[in-house]
Amino acid sequence: MLRDATSIVARLAPAFVISFLTYAVIWTLLLFKWVHGLIRAFAQVTLPLFLEDLLIAILAVGFYAMGLFIAYNLAVLTNRAVLKYIIKSRPVDTIHPVKPQSEQGAHHRLASVNSIGIVLAGGGAKGAFQAGAMKAIYQFLAEGNALDKVTAISATSIGSWNALFWLANLINSKDGWQKQGPHEQWWRNIRLRSLVTPSWYAPGMRNAFFETTPWEQNFDEIFGQQDVCQEILNSNIKFYFTSSHVTSGLLECTTNDLGIQDLTRVSFRKVDAKGDPAYFMEMRS
């Protein structure tokens, strides 16, 4: 367990790790000095020796725990300032939609197929395998002039993230299939610090130590670009991105299918290509 915890800490943002260790060391040195003064103060009080040692130990442990708690939250604030004003994680450098050109007269085994649907499951790290399979399918359809036959994509969790790259035509590279497109670049270059960052913590008020701010920044930097956003909004593919509302238990679905109606225990957030593009960006929340 200790090895796993150490491994996680080592993969966090350096700004957090360095600042937390710095604050913790400073507090430890101050605490030693403070405990030394406390011992001298207790020497002037008439108490049984065992009780004196017990009180000093309780006070020392309590103040040390409080100091580490403060050091942690100060490190969170330091890391947040660094991420916002100095360094931002950028797993993908250049992002431009690239849709392969159709080859006139090409024959393909899908020539008689009129409509294709794609379903992308959730599953966290499974998304890396999913991304590789998607590239293979995308290339297979492109070489057979069948990309335009994809009429619907249904996805949840990490599948929804992967689906956005398909809708935005960010699968292929402008330099050909042998090069890494933006989708593959993202998966090959992400690190834990590219996805989550430590969040503030207060006992009894918050039970999570991480927040997804870096991933949200990734979303904004990739899909917030005007040409990428418009590529998704103007897509002829109907998409259905599902998620479960943890407090209500209802299934929520974000879609560009404006004709769909709410179902029992299922609500739909509809994205209109003719509406405000800023509303599309709200899907990341």
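**Close-up 1. Helix H5, tucked inside the predicted model.** In this predicted model, ten of the ten residues of H5 are buried, so the helix is largely enclosed by the rest of the structure. The buried stretch takes in Ile158, Gly159, Ser160, Trp161, Asn162, Ala163, Leu164, Phe165, Trp166 and Leu167. Just after H5 comes Asn169, with a positive phi near 55°.

**Close-up 2. The largest nonpolar core.** Here we're looking at a core of 43 residues, where Ile153, Trp166, Trp186 and Phe223 have the most contacts inside it. Plenty of elements chip in: strands E1 (116-120), E2 (150-156) and E5 (238-244), along with helices H4, H5, H6, H8 (213-223) and H9 (226-233), each supply at least two residues. H5 gives the largest share, with seven residues.

**Close-up 3. A second core, off on its own.** Separate from the largest core is another one of six residues. Leu12, Phe16, Val17 and Tyr72 are among its members.

**Close-up 4. Helix H4 against helix H6.** The axes of H4 (residues 126-143) and H6 (residues 182-189) come within 10 Å and cross at roughly 155°. That angle is over 145 degrees, which means H4 runs roughly antiparallel to H6. As for handedness, the crossing is left-handed.

**Close-up 5. Who touches whom between H4 and H6.** On the H4 side, the contact is made by Gly127, Ala128, Ala131, Met134 and Lys135. H6 answers with His183, Glu184 and Trp187. Sorted by character, the residues of this contact come out as four nonpolar, two polar and two charged.

Notes:
Residues numbered from 1 in each chain as written. Predicted model: local features only at pLDDT ≥ 70, side-chain atom pairs only at ≥ 80, totals over all residues. Heavy atoms only, no water. Axes fitted to C-alpha atoms, helices over the stretch in contact; angles between N-to-C directions. Helix = DSSP H or I, 4+ residues; strand = E, 2+ residues; numbered from the N terminus. Parallel < 35°, antiparallel > 145°, perpendicular 65-115°, else oblique. Left-handed = near helix turned anticlockwise from the far one by under 90°. Contact = heavy atoms within 4.5 Å. Nonpolar A, V, L, I, M, F, W, Y, C, P; charged D, E, K, R; others polar. Core = buried A, V, L, I, M, F, W, Y, C linked by side-chain atoms within 4.5 Å. Buried < 20%, exposed > 50% of the residue type's maximum accessible area, 1.4 Å probe, protein only.
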